[in-house]
Amino acid sequence: MTTLLADIGGTNARFALSEGEVPTDPASLALDGFPGIVEAIAHFLGGAAPPEAAVLAVAGPVVRNSVRLTNRDWVVDGAAIGRVLGIGHVRVVNDFAAQSWALPDLTGADLHPLGGGAAEAGAPLAVLGPGTGLGIGAFLPPGQALVTEGGHASIATHDPREAAVVEWLRGRHGHVSAERVLSGQGLENLHAGLAAVDGVTVESLEAAEITRRALAGEDARCAEVLDMFCAMLGSVAGDLALLYGAKGGVYVAGGICPRFPDYLAASRFRARFEAKGRFQEWLAAVPAWLVMRPDPAMLGLAAIARG
């Protein structure tokens, strides 16, 4: 049976076909060239016979096999896609369901180590992914993914500097979630917040430029932003290890951190991961990794299709 696999974001989508264990190499399409997801899928298929099934990963909560894309006001509806394109069974899943299902299959060059001991066989695995937003999920062996909206849980602070920035953000947004600081927009929020706390005016910078300046050593404030980002990311990752009992490991996915793997590994990430008082020794044994594979969702989609 041929199955269409699709990882659909707000800007781009990756498509592949699977007829067994290993899917075809994914093809990426910019979605701005299409009026809807049906047209994008049809373009990928290129007039070939429709596959028997499809599994589509989409960022957002799935309701009755359907998701509305926030960034472009599209609806990805499994029943409608199947009817129009002649695909027998279309399943829509949250993007972090796919990320979670991928975790057991990530090995070797897919991963950059972020400290800790050996993974405990059969234990839960947790994943968090800073990107456009902050996705969070877990894989519970032998075969269950836990999909959450944990990125919208409240962020905790660990020193007066972080507390001052979060208090400033609270004045602008009310609730300050983990996503408010651990995402592309989060880097921009931290940059603006640190300037506001210091009472200085700085130019507004996009996340990519903040990261570039920090890594190049060109801008002390950008360096502080990236350092705070890594530290707070470590805190949330350690929280996930405790919340999910993730002795199988905690994985950092998403599009931001693979740009600076060595910086992240040398940052305060690991110290803050373990800085949980009486459970510091427990957390010291939990391994963490940065996911370097550019298309982990495809592994997860293939696993869902096989199941």
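Here a student and a tutor talk through the contacts in a predicted model.

Student: Let's start with the cysteines. Why is Cys230 not counted in a disulfide with Cys257?

Tutor: Check the sulfurs. The closest cysteine sulfur to that of Cys230 belongs to Cys257, and the gap is 6.3 Å. A disulfide needs the two sulfur atoms within 2.5 Å, so this pair is too far apart for a bond. Cys257 is likewise in no disulfide, with Cys230 as its nearest cysteine. The count for the structure is zero disulfides.

Student: And how do you know whether Cys230 is buried or exposed?

Tutor: Its relative accessibility is 0%. Buried means under 20%, so Cys230 counts as buried. Cys257 also has a relative accessible area of 0%, which makes that residue buried too.

Student: Next, helix H7. What makes you say that its length agrees with its number of residues?

Tutor: H7 runs over residues 220-244, which is 25 residues. At 1.5 Å a residue the expected span is 36 Å, and the C-alpha atoms at its ends are 36 Å apart, so the two agree.

Student: Why is H7 described as mostly covered?

Tutor: Of its 25 residues, 18 are buried. Each of those falls under the 20% cut-off in relative accessible area.

Student: What sits at the two ends of H7?

Tutor: At the N-terminal end Asp219 acts as a cap, with a side-chain oxygen 2.9 Å from the backbone nitrogen of Arg221. A polar contact has to be within 3.5 Å, and 2.9 Å passes. After H7 comes Gly245, with a positive phi near 60°.

Student: On to charges. Why is the pair Asp105 and Arg306 called a salt bridge?

Tutor: The closest N and O atoms are 3.8 Å apart. The rule asks for within 4 Å, so the pair qualifies as a salt bridge. Asp105 is in the loop between helix H3 and strand E8, whereas Arg306 is in helix H11, so the bridge ties together parts 201 residues apart in sequence.

Student: What makes Asp105 and Arg306 partly exposed?

Tutor: Asp105 has a relative accessible area of 35%, and Arg306 has 38%. Partly exposed is the range between the buried cut-off of 20% and the exposed one of 50%, so both belong there.

Student: How many salt bridges are there by this rule?

Tutor: The count comes to 18. Among them is Glu209 with Arg213, at 2.7 Å between the closest N and O atoms.

Student: How do you know that Glu209 and Arg213 are separated by about one helical turn?

Tutor: They are four residues apart in helix H6, residues 207-216, and that gives about one turn. In general, an α-helix has 3.6 residues a turn, so residues three or four places apart point the same way. As for accessibility, Glu209 is partly exposed at 23%, whereas Arg213 is buried at 16%.

Student: Which residues are joined in the salt-bridge network?

Tutor: Shared partners join Glu203, Glu209, Arg212, Arg213, Glu218 and Asp219 into one network. One of its bridges is Arg212 with Glu218, at 3.0 Å from N to O. Asp219 is also the residue that caps H7.

Student: Now the aromatics. How many pairs turn up in the whole structure?

Tutor: The search finds six aromatic pairs. Take Trp101 and Phe139: their ring centres are 5.2 Å apart and their planes meet at 70°. Centres must lie within 6.5 Å, and planes over 60 degrees apart count as edge-to-face, so that is the label for this pair. Trp101 in helix H3 and Phe139 in strand E10 are 38 residues apart.

Student: Why is the pair Tyr251 and Trp289 called tilted instead?

Tutor: The centres are 5.0 Å apart and the planes are at 35°. Under 30 degrees would be stacked and over 60 edge-to-face, so 35° leaves tilted. Tyr251 is in strand E12 and Trp289 in strand E13, and both residues are buried.

Student: Last one: what makes Arg72 a charge over the ring of Trp74?

Tutor: Arg72 lies over the face of Trp74, 4.9 Å from the ring centre. The distance limit is 6 Å, and 4.9 Å meets it.

Conventions. Residues are numbered from 1 along each chain as its sequence is written. This is a predicted model: local features need pLDDT of at least 70, side-chain atom pairs count only at pLDDT 80 or more; totals for chains, interfaces and linings use all residues. Side-chain values use heavy atoms; hydrogens and water are left out. Buried means under 20% relative accessible area, exposed over 50%, partly exposed in between (1.4 Å probe, protein chains only). The expected span of a helix is 1.5 Å times one less than its number of residues. A polar contact is a pair of N or O atoms within 3.5 Å; within protein, one must be able to donate a hydrogen and the other to accept it, and residues adjacent in sequence count only if both atoms are side-chain atoms. A salt bridge is a side-chain nitrogen of Lys or Arg within 4 Å of a carboxyl oxygen of Asp or Glu. A charge sits over a ring if NZ of Lys or CZ of Arg is within 6 Å of the ring centre and within 35 degrees of the ring normal.
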